[in-house]
Amino acid sequence: MADLKERLLPLKPQSAINLRGTTSQASASGRQPFQGLDLSGLKKRGQGLRSWIRVDTSGNSQVIEVDKFTMMRRCDLPARDLRLLDPLFVYPSTILGREKAIVVNLEQIRCIITADEVLLLNSLDSYVLQYVVELQRRLTSGVGEVWQPEGPELNRRSCSNFDNVYGSPSPDYLPFEFRALEVALESACTFLDSQVRVN
């Protein structure tokens with residue numbers, strides 16, 4: 001069994017063997033355990049920076065680079081929720097409602113929606129860019145406007161064509177999270193519709 005284990009497992013680097021010997025001696029001598037070792041070549045797992053597109057409530061966007069743990073703290077999400085957004089894995093379309101965020105994985109749109117911002121994985125996909133442009137358009141066109149009915153006869157039930165009356169499919173009184181989610185759903189439907197037309 002030990003012979004099989006040695007053949008299948010990679011050889012331990014010399015620095016790892018020295019590290020074990022140094023830490024046991026260092027604690028007895030009172031010195032720092034990693035003093036004198038060059039650990040710059042060692043890579044921590046899961047610490048890679050990812051590029052995200054951040055869109056705030058006023059429609060301003062910027063590209064930020066954040067690692068997984070910072071994103072987990074920022075959005076108060078467990079690691080398993082961020083795994084849904086990983087482009088290397090294929091998961092079914094999912095919308096997760098959490099206490100401080102909505103995690104969206106809809107076809108090409110993979111994002112985290114909070115009360116203050118939308119964080120999308122930065123991608124060169126045209127549907128992601130269309131989502132950002134459409135979200136910015138809807139947020140900037142409805143800044144400061146609050147929908148109020150102009151009379152008792154004008155309400156949702158009596159108006160069969162709500163979109164034409166108000167000029168926008170999303171009412172301005174909806175919270176930011178729902179407007180961002182609505183644009184994500186519309187973008188996913190557009191993507192699926194284009195796939196059906198091609199095939």
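What covers the buried residues of α3? Keep that in mind while you load the model; we'll come back to it.

**Before you click**

The model is predicted, so to speak a calculation throughout: local features need pLDDT of at least 70, side-chain atom pairs count only at pLDDT 80 or more, and totals for chains, interfaces and linings use all residues. Residues are numbered from 1 along each chain as its sequence is written, and side-chain values use heavy atoms, with hydrogens and water left out.

**Stop 1: the whole chain**

Show the cartoon. The protein chain has 7 helices and 6 strands, where helices (H or I, at least four residues) and strands (E, at least two) are DSSP runs numbered from the N terminus. Along the sequence the pattern reads α-α-β-β-α-α-β-β-β-β-α-α-α. Now colour by accessibility: of the 199 residues, 31% are buried (under 20% relative accessible area; exposed is over 50%, partly exposed in between, with a 1.4 Å probe and protein chains only). The chain exposes about 13600 Å², with carbon and sulfur atoms supplying 54% of it; these areas come from the Shrake-Rupley method with a 1.4 Å probe, and for residues only the protein chains shown count as cover.

**Stop 2: the sheet**

Select the strands. All 6 form an open sheet, ordered β2-β1-β6-β5-β4-β3, with antiparallel pairing; two strands pair if DSSP finds at least two bridges between them. At the edges sit β2 (61-67) and β3 (94-97), each pairing on one side only. From one strand to the next, the twist averages 20 degrees.

Zoom in on β1 (residues 49-56), which pairs with β2 over 7 bridges in the antiparallel sense. Try sticks on two bridge partners in β2: Ile64 for Trp52, and Val66 for Arg50. The hairpin of β1 and β2 has 4 residues between the strands, and Gly59 there takes a positive phi near 95 degrees.

**Stop 3: Gln62**

Still in strand β2, pick Gln62. Is this residue buried or exposed? Neither, quite: its relative accessibility is 42%, so Gln62 counts as partly exposed. Leaving out residues up to four places away in sequence, Gln62 touches Trp52, Ile53 and Arg54 (contact means heavy atoms within 4.5 Å). Put a distance label between the C-alpha atoms of Gln62 and Trp52 and you should get 8.4 Å, for 10 residues of sequence separation.

**Stop 4: helix α3**

Next, select 68-75. This is α3, lying across β1, β2, β5 (109-113) and β6 (117-121) and running at about 115 degrees to β2; axes are lines fitted to C-alpha atoms, for helices over the stretch in contact, and angles run from 0 to 180 degrees between N-to-C directions. Its buried residues are Met71, Met72 and Cys75. They cover an arc of only 100 degrees around the axis, which puts them on the same side of α3; the arc is that of the directions from the helix axis to the C-beta atoms. Back to the opening question: the cover includes β1, β2, α4 (79-83), β5 and β6. Just after α3, check Asp76, whose phi is positive, near 55 degrees.

**Stop 5: an aromatic pair**

The structure holds 2 aromatic pairs; rings of Phe, Tyr and Trp (its six-membered ring) pair if their centres lie within 6.5 Å, with planes under 30 degrees apart counted as stacked, over 60 as edge-to-face and the rest as tilted. Select Tyr127 and Phe191: their ring centres are 4.9 Å apart and the planes stand at 85 degrees, so the pair is edge-to-face. Tyr127 belongs to helix α5 (residues 126-141) and Phe191 to helix α7 (residues 176-198), so to link them the pair spans distant parts of the chain, 64 residues apart. Both Tyr127 and Phe191 are buried.
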